[in-house]
Amino acid sequence: VQLQASGGGLVQAGDSLRLSCAASGRTLSSYTMAWFRQAPGKEREFVAAISRSESTFYADSVKGRFTISRDNGKNTVYLQMDSLKPEDTAVYSCAAGGIYSAKDSIYAYWGQGTQVTVSS
């Protein structure tokens, strides 16, 4: 499966953004989908995931502010990001795998990243 992430940009603190991850080659409904992010000088970290049964999982740092969802008809996964903070600044990447995990090594397929920059 090929993944294409989009929707990043430069916003101010408190603003919202919606990231999209479009898939081709296979249907997304076959996978657990996740978003990870990596800030400069830091390791990649888990942000959110949605399982094949549509259970959702979030990092504590984004819980209550970010929402992951999937539209199997459009073969796309979304990450709605509200109340953005400067510490959310990072490159966000989507990933596909068989089961849920917060570990990036579990995910077999990755899209390219999209930059999110939140100014204070």
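These are short questions and replies on the terms used for this predicted model.

Residues are numbered from 1 along each chain as its sequence is written. In this predicted model, local features need pLDDT of at least 70, side-chain atom pairs count only at pLDDT 80 or more, and totals for chains, interfaces and linings use all residues, while side-chain values use heavy atoms, with hydrogens and water left out.

Me: What makes C21 and C94 a disulfide?
Reply: The term means a pair of cysteine sulfur atoms within 2.5 Å. The sulfur atoms of C21 and C94 are 2.1 Å apart, so they form a disulfide. By this rule the count is one.

Me: Which parts does the pair of C21 and C94 tie together?
Reply: C21 lies in strand β3 (residues 17-24) and C94 in strand β9 (residues 90-97), so the pair ties together parts 73 residues apart in sequence. Strands are DSSP runs of E, at least two residues, numbered from the N terminus.

Me: Are C21 and C94 buried or exposed?
Reply: Both C21 and C94 are buried. Buried means under 20% relative accessible area, exposed over 50%, and partly exposed in between (1.4 Å probe, protein chains only).

Me: Why are β7 and β8 called paired?
Reply: Two strands pair if DSSP finds at least two bridges between them. β7 and β8 (residues 76-81) have six bridges, so they count as paired. The sense is antiparallel. I68 stands opposite L79 in β8, and the bridge partner of F66 is M81.

Me: What makes β1 and β7 edge strands?
Reply: The open sheet has four strands in the order β1-β3-β8-β7. β1 (2-6) and β7 (66-71) each pair on one side only.

Me: Which side chains of β7 are buried?
Reply: F66, I68 and R70 are buried and point to one face. T67, S69 and D71 point to the other face and are not buried. In a regular strand the side chains alternate between the two faces of the sheet.

Me: How do you know that eight residues of the largest pocket's lining are charged?
Reply: Asp, Glu, Lys and Arg count as charged; Ala, Val, Leu, Ile, Met, Phe, Trp, Tyr, Cys and Pro as nonpolar; the others, Gly among them, as polar. The lining includes R37, K42, E43 and D88. It divides into eight charged, two polar and two nonpolar residues. A pocket is an open set of points on a 1 Å grid over the protein atoms alone, where a 1.4 Å probe fits, with protein on both sides within 12 Å along at least five of seven lines; lining residues have an atom within 4 Å of a point.
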